[in-house]
Amino acid sequence: MTKRIFSGIKPTGHLTLGNYLGAVRQWVAADRAPDEALFCVVDLHALTVEHEPARVRRLSRQAATLLLAAGLSPEKCTLFVQSHVDEHTRLAYLMECTASDGELRRMIQYKEKAARAQATGEGVRLSLLTYPALMAADILAYGASEVPVGEDQRQHVELTRDLAVRFNQRYGHTFTVPKATLPTVAARVMDLQDPTSKMGKSHESGAGIVYLLDEPAVIAKKVMRAVTDSGDGAVVYDREARPGVANLLDVLAACSGGDPAVLADGYSGYGALKRDVADAVVELLRPLQERHAGLAADPGAVEKVLREGAERARALARPVVNRAYEAIGLLAP
Ligand code: AQP
């Protein structure tokens with residue numbers, strides 16, 4: 001039986017190696033399987049924190065272009081922009097009526113980002129609290145059974161499962177209950193300068209973040225300057241005691257295959273490890289960067305993919321969302 005797969009990426013910054021290894025690479029693999037796959041630039045999610053309108057538009061186009069450059073094929077999958085399909089926000093309201101205030105306040109991303117916004121005096125947008133309900137709607141509107149994501153999104157997919165089960169129990173079977181699928185290595189790529197924090201595209205300092213469009217020399221410099229761990233300089237895979245080295249081993253394993261703990265045995269010092277990681281990342285990103293240059297030169301073609309994707313997505317989501325409206329007690333128009 002073919003599965004339906006859904007996932008999304010928010011245009012809050014330039015896409016990173018973390019996005020690629022944690023999520024996008026899984027999407028490309030799913031796109032090549034006989035499954036039906038939908039991938040979405042979740043632009044409404046980018047409005048939950050301070051944003052600049054022109055930048056969000058620019059980053060949305062760039063994200064879509066990079067997803068195509070990474071290997072998603074518009075003939076095979078449906079690639080679209082969230083705000084082009086009204087069903088997401090229609091269903092999000094029903095999800096807010098299903099979720100509780102307490103469970104949304106327990107979301108780790110909410111707690112972390114709210115603390116960050118408060119510290120900078122920005123104020124916390126209400127949508128930052130409610131966006132996991134929108135994310136649940138993104139997934140449930142398509143009857144997706146699998147959601148390929150990185151580790152940081154696991155909690156939101158768990159919430160989506162809970163909401164789907166609760167809605168089905170209260171109002172009759174309406175939604176497929178989805179599950180998160182994570183890569184076996186590099187499900188959480190860490191910042192090269194602060195290996196206890198996730199490599200996040202909206203984080204301020206770029207020194208520890210490898211962006212997908214970084215030049216090879218920039219990638220090499222960032223990797224060579226990665227913070228490793230003080231101590232005896234031994235290369236050992238230990239995420240707790242040696243997070244910097246473990247992160248480099250994870251990235252190497254994700255790029256060139258193998259098990260990070262086994263790869264560690266092949267190194268006696270950090271320098272050689274960093275050189276191999278830098279080479280592996282540069283080679284991994286080279287084809288994507290080459291394809292990106294061609295696609296970016298033809299923005300009309302990318303817009304056409306997004307327009308057609310939104311049409312297909314609407315046709316899939318509308319009957320599911322209409323069913324949910326009826327099930328919850330709303331009169332058909
Ligand atoms: N460091 C990462 N390692 C593995 N997977 C990651 N993902 C993100 N960072 C890593 C996965 O990429 C997909 C899209 O991510 P996103 O757009 O939802 O979030 P982000 O890139 O983390 O963006 P932000 O705005 O910078 O968010 P915060 O502030 O939370 O870091 C997801 O599947 C995600 O798991």
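**Figure 1. Polar contacts of the ligand in the predicted model.** In this predicted model, a nitrogen atom of the ligand lies 2.9 Å from a backbone N or O atom of M199. Two side chains also approach oxygen atoms of the ligand: an N or O atom in the side chain of T12 is 2.7 Å from one ligand oxygen, and a polar side-chain atom of S202 lies 2.8 Å from a ligand oxygen. The protein buries 97% of the 670 Å² that the ligand exposes when it is taken alone.

**Figure 2. The shell of residues around the ligand.** The elements that contribute two or more residues to this shell are strand β1 (4-9) and the helices α1 (17-32) and α5 (108-119). Helix α1 supplies the largest share, with 4 residues. In total, 25 residues surround the ligand, and the closest of them are T12, N19, D152, K198 and K201. Sorted by class, the shell is made up of 11 polar residues, 7 nonpolar residues and 7 charged residues.

**Figure 3. The aromatic pair of F6 and Y142.** The structure holds 5 aromatic pairs, and one of them is formed by F6 and Y142, whose rings are stacked with their centres 5.5 Å apart and an angle of 5° between the planes. Because F6 belongs to strand β1 whereas Y142 sits in the loop between α6 (126-140) and β4 (146-148), this pair ties together parts of the chain that are 136 residues apart in sequence. F6 has a relative accessibility of 3% and therefore counts as buried, and Y142, with a relative accessible area of 0%, is buried as well. Ring pairs link F6 and Y142 with F80 into a cluster. Strand β1, which carries F6, is also one of the elements that give two or more residues to the shell around the ligand.

**Figure 4. The surroundings of D250 in helix α9.** D250 is found in helix α9, which covers residues 243-256. Its relative accessibility is 3%, so D250 counts as buried, the cut-off for that class being under 20%. When residues up to four places away in sequence are left out of the count, D250 touches V185, A186, Y237, R239 and P260. Among these contacts of D250 are an arginine, R239, and a tyrosine, Y237.

Definitions and conventions:
Residues numbered from 1 in each chain as written. Predicted model: local features only at pLDDT ≥ 70, side-chain atom pairs only at ≥ 80, totals over all residues. Heavy atoms only, no water. Near = heavy atom within 4 Å. Polar contact = N/O pair within 3.5 Å; in protein donor to acceptor, adjacent residues only side chain to side chain. Areas by Shrake-Rupley, 256 points an atom, 1.4 Å probe, with all protein chains shown as cover. Nonpolar A, V, L, I, M, F, W, Y, C, P; charged D, E, K, R; others polar. Buried < 20%, exposed > 50% of the residue type's maximum accessible area, 1.4 Å probe, protein only. Contact = heavy atoms within 4.5 Å. Phe/Tyr/Trp six-rings, centres within 6.5 Å; stacked < 30°, edge-to-face > 60°.
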